[in-house]
Amino acid sequence: MSFRKVVRQSKFRHVFGQPVKTEQCYDDIRVSRVTWDSTFCAVNPSFVAIIVEASGGGAFLVLPLHKTGRIDKSYPTVCGHTGPVLDIEWCPHNDHVIASGSEDCTVMVWQIPEGGLSQPLTEPVVVLEGHSKRVGIISWHPTARNVLLSAGCDNVVLIWNVGTAEELYRLEGLHPDLIYSVSWSRDGSRFCTACKDKSVRVIDPRRGTVVAEKERAHEGARPMRAIFLADGKIFTTGFSRMSERQLALWDTENLEEPMGLQELDSSNGALLPFYDPDTNVVYVCGKGDSSIRYFEITEEPPYIHFLNTFTSKEPQRGMGWMPKRGLDVSKCEIARFYKLHERRCEPIIMTVPRKSDLFQDDLYPDTAGPEPAMEAEEWVAGQTAGPVLVSLRQAYVPSKQRDLKVSRRSLLHDARPATATTPSPAAPAAPSPTAPATAASARLSAPPALGTGTPVPTAGGRLEEVLQEVAALRALVAEQGQRITRLEEQLSRLENGHV
């Protein structure tokens with residue numbers, strides 16, 4: 001089915017993608033060649049992590065965002081796994097904590113030092129052992145601190161409390177075949193899975209039950225993926241019976257027929273969807289493709305509206321996705337991808353063209369911040385909460401986050417787990433007395449623009465800085481004018497002398 005050029009009102013109609021300059025890429029990286037439909041890349045406002053080739057085990061690189069250019073072959077890696085690493089994901093509530101799943105059947109959680117690695121990191125903060133086959137999917141809970149989901153090739157989903165290294169829930173028997181993808185709902189009360197048996201399931205992990213199920217969501221036998229949208233709908237990618245790649249939108253209240261279905265092309269690569277809940281835009285990247293398609297999800301038919309396609313020359317081996325709080329709002333940047341080539345990582349910036357330099361409220365509604373809405377014990381007790389939202393209008397450097405520490409005392413001595421009132425070891429440092437009282441008004445980190453080391457100025461001093469710049473420019477113009485006058489007089493005297 002070809003995309004129809006329908007003229008409709010949307011502020012995202014003219015979104016365009018642009019790769020950064022060569023010197024702002026990460027070069028000479030041996031990207032993993034393992035045959036697994038993972039993104040191979042994870043990004044947050046501080047670091048970019050990339051799964052790489054490693055002899056005698058599994059490893060991944062962790063680079064500070066500003067460390068662009070050629071990466072030395074001796075650059076230290078995170079290399080504690082004994083088998084290839086299949087999936088990695090940064091903790092949404094601590095920019096220095098990352099989890100990894102591997103063919104060695106383990107999940108490991110790592111604490112990355114401030115400023116990145118200076119030597120190989122071989123000792124994880126915690127090792128989570130519970131799968132009997134390789135672990136291919138890792139997903140942090142969006143709103144509860146230290147809750148981590150892992151799915152393995154043993155068709156089992158495990159949910160862990162990383163803070164105590166204990167297994168909270170073991171979901172067996174819900175999937176008869178390999179699990180392709182897992183996606184939490186926005187409040188973390190449910191998650192949806194795509195399975196090799198062609199079914200999409202909505203699961204309540206605390207009850208251990210399948211809430212809804214759609215059999216044969218896509219007729220094709222090749223891998224499909226499913227993600228939860230902010231309003232509770234499910235967006236899926238897969239293949240038709242004729243091996244054509246498809247997109248579909250489902251209402252969890254009625255999974256009989258899709259709300260919208262679009263066929264894309266006949267390529268072989270699995271489609272990886274990335275969703276921005278603030279703008280309701282879905283970006284679809286195919287493994288082995290050289291393009292990124294993006295669609296807007298709306299409330300009116302046909303629900304899935306094609307926006308545009310970013311096309312480049314080289315195919316992508318994987319793709320990283322920057323959280324909204326890591327974007328440069330002053331340039332109207334609404335998404336940033338980190339495209340993996342065979343030996344390079346190339347950032348791609350998605351921008352909405354705007355003439356004004358002012359903050360664009362319609363592009364940047366309040367977004368999920370780094371503060372968790374609740375502790376792991378509260379979530380286990382049955383509480384549900386949406387993400388703690390923060391404004392992107394004010395950019396600042398957040399308070400220093402404490403290291404993740406695991407307390408195994410409750411397991412060794414069979415003691416009761418820490419209550420919700422006990423401060424978690426992974427909690428961010430307490431705000432200063434001058435900070436706002438509520439978490440919702442917390443300011444949040446915005447890294448410098450790519451290729452620069454200068455921090456983004458605070459909103460409070462912005463007006464003063466602009467006035468200073470204007471005054472400096474005026475002085476410079478006046479000085480240059482005087483210099484031009486002197487040069488003209490000197491030229492005139494020289495010409496008169498020659499005459």
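This is a short tour of the structure above, stop by stop, with a selection to make at each one.

**Before you click anything**

Keep in mind that you're looking at a predicted model. Colour the whole thing by secondary structure to begin: the protein has 34 strands, alongside 3 helices. There are 499 residues, and 51% of them count as buried. Switch on a surface if you like; about 23700 Å² is exposed, with carbon and sulfur atoms supplying 50% of that. As for how the chain meets itself, take the contacts between residues at least 6 apart in sequence: 55% of these join residues at least 24 apart.

**Stop 1: Arg-245**

Select Arg-245 and show its side chain. You're now in strand E22, which covers residues 245-250. Is this arginine buried or exposed? Arg-245 counts as buried because its relative accessibility is 0%, and the cut-off for buried is under 20%.

So what does the side chain of Arg-245 make polar contacts with? Add Asp-265 to the selection: its side chain and that of Arg-245 are joined by a polar contact of 2.7 Å. Then add Asp-289, whose side chain makes a polar contact of 2.6 Å with the Arg-245 side chain.

Now fill in the surroundings. Setting aside neighbours within four places in sequence, Arg-245 is in contact with a list of residues that includes Gly-238, Phe-239, Gln-262, Glu-263, Leu-264, Ser-267, Leu-271 and Arg-293. Both aspartates you just selected, Asp-265 and Asp-289, are on that list too.

**Stop 2: a cavity**

Next, some empty space. The structure holds 3 cavities of 30 Å³ or more, and this stop is at the second largest, which has about 50 Å³ of space in it. To find it, select the lining: Tyr-180, Cys-195, Lys-196, Lys-198, His-218, Gly-220, Ala-221, Arg-222, Pro-223 and Met-224. What classes of residue make up this lining? Colour by class and you should get 5 nonpolar, 3 charged and 2 polar residues.

**Stop 3: backbone details in three loops**

Hide the side chains and show the backbone. Start with Phe-40, in the loop between strand E2 (26-27) and strand E3 (41-43). Phe-40 isn't a glycine, yet its phi is positive, about 65 degrees. With a relative accessible area of 3%, Phe-40 is buried.

Jump along to Ala-165, in the loop that runs between strand E14 (157-161) and strand E15 (166-171). Here's another non-glycine residue with a positive phi, this one near 60 degrees. Ala-165 counts as buried as well, at 12% relative accessibility.

For the last of the three, select Pro-301 and Pro-302 and look at the bond that links them. Is that peptide bond cis or trans? From Pro-301 to Pro-302 the peptide bond is cis, and omega is near 5 degrees. Pro-302 sits in the loop between strand E26 (291-297) and strand E27 (304-311).

**Stop 4: Gln-111**

Finish at Gln-111, in strand E10, residues 106-111. Gln-111 is buried, with a relative accessible area of 15%. Before you close the viewer, select Glu-123 too and draw a distance between the two C-alpha atoms. Gln-111 and Glu-123 are 12 residues apart along the chain, and their C-alpha atoms are separated by 9.3 Å.

Methods
Residues numbered from 1 in each chain as written. Predicted model: local features only at pLDDT ≥ 70, side-chain atom pairs only at ≥ 80, totals over all residues. Heavy atoms only, no water. 1 Å grid on protein atoms, 1.4 Å probe; cavity = no way out; pocket = protein on both sides within 12 Å on 5 of 7 lines; lining within 4 Å. Points joined across faces, edges and corners; volume = space filled by probe spheres on them. Nonpolar A, V, L, I, M, F, W, Y, C, P; charged D, E, K, R; others polar. Helix = DSSP H or I, 4+ residues; strand = E, 2+ residues; numbered from the N terminus. Buried < 20%, exposed > 50% of the residue type's maximum accessible area, 1.4 Å probe, protein only. Polar contact = N/O pair within 3.5 Å; in protein donor to acceptor, adjacent residues only side chain to side chain. Contact = heavy atoms within 4.5 Å. Areas by Shrake-Rupley, 256 points an atom, 1.4 Å probe, with all protein chains shown as cover.
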